[in-house]
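Please look through the sequence and the model below before reading on. The paragraphs that follow start from one place in the chain and widen from there.

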Amino acid sequence: QVQLVESGGGLVQAGSSLRLSCAVSGRSFSDYAMGWFRQAPGKERIFVAAIRWGGGSTYYADSVKGRLTISRDNVKNTVYLQMNSLKPEDTAVYYCAAASTGYRLGPYDYWGQGTQVTVSS
């Protein structure tokens, strides 16, 4: 059974940092692309960042370039999203997802349950 479990969210002040984790299990993800998405209250879920598990190539939404960094740990089977200089507009539920095509645009086959990030001003 494939599982993606996010953790690391919380309530922080603007300018702070958080690191989200996504622990994956149930199969090999070596050919997959792993993505982070977020959904703010009343808005659609949008793409934030992605990484190809095998080669480590990374991709970012323009709005987060320079502040957010995606990475993966092959030993721990975990994908991370390091978030620096957080802004109130980063407030959202953050989701981890896996795309079997290995393509950063998906489609994404598996999703985690999400973790809440709230940034106060």
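Serine 85 counts as partly exposed in this predicted model, because its relative accessible area is 42%, a value that falls between the limit of under 20% for buried residues and that of over 50% for exposed ones. This serine sits in the loop that links β8 and β9, and its backbone is worth a look as well, since phi of serine 85 is near 50°, a positive value in a residue other than glycine.

A second residue can be read in the same way. Asparagine 77 is placed in the loop between β7, residues 68–73, and β8, residues 78–83, and its phi, too, is near 50°, which is positive although the residue is not a glycine. Its relative accessibility comes to 35%, so asparagine 77 is counted as partly exposed.

Asparagine 77 leads on to cysteine 22, for it appears among the contacts of that residue: once the neighbours within four places in sequence are set aside, cysteine 22 is in contact with Leu4, Val5, Glu6, Trp36, Asn77, Thr78, Val79 and Cys96. Cysteine 22 belongs to strand β3, which covers residues 18–25. Is this cysteine buried or exposed? Its relative accessible area is 0%, and therefore cysteine 22 is buried. Between cysteine 22 and serine 85, which are 63 residues apart along the chain, the C-alpha atoms are separated by 21 Å.

The loops hold one further backbone feature, which concerns a proline. The peptide bond that runs from glycine 106 to proline 107 is cis, with omega near 10°, and proline 107 is located in the loop between β9, residues 92–99, and β10, residues 110–111.

From the loops we can turn to the strands, and β11 is a useful one to follow. In a regular strand the side chains alternate between the two faces of the sheet. Strand β11, made of residues 115–120, has a covered face with Thr115, Val117 and Val119, while Gln116, Thr118 and Ser120 lie on its uncovered face. Which strands does β11 pair with, and in what sense? Strand β2, residues 10–13, runs parallel to β11 and is joined to it by four bridges, whereas β9 pairs with β11 in the antiparallel sense over three bridges. Valine 117 takes part in both pairings, as the bridge partner of glycine 10 and as the residue in β11 that alanine 92 stands opposite.

Seen as a whole, the protein has eleven strands and zero helices. A compact globule of 121 residues would have a radius of gyration near 14 Å, and because the protein has 13 Å, the two values agree. Taken along the principal axes, the box filled by the C-alpha atoms is roughly 40 × 30 × 25 Å.

Of the 121 residues, 40% are buried, cysteine 22 being one of the buried ones. Among contacts with a separation of 6 or more, 55% are accounted for by residues 24 or more positions apart. The surface that the protein exposes comes to about 6,200 Å², of which carbon and sulfur atoms supply 45%. As for charge, the protein has 12 positive and 8 negative charges, and the mean positions of these two groups are 4 Å apart.

Conventions:
Residues numbered from 1 in each chain as written. Predicted model: local features only at pLDDT ≥ 70, side-chain atom pairs only at ≥ 80, totals over all residues. Heavy atoms only, no water. Helix = DSSP H or I, 4+ residues; strand = E, 2+ residues; numbered from the N terminus. Buried < 20%, exposed > 50% of the residue type's maximum accessible area, 1.4 Å probe, protein only. Pairing = 2+ DSSP bridges. Rg over C-alpha atoms; globule rule 2.2 N^0.38 Å. Contact = heavy atoms within 4.5 Å. Areas by Shrake-Rupley, 256 points an atom, 1.4 Å probe, with all protein chains shown as cover. Lys, Arg positive; Asp, Glu negative; His and termini not counted. Charge placed at Lys NZ, Arg CZ, Asp CG, Glu CD.
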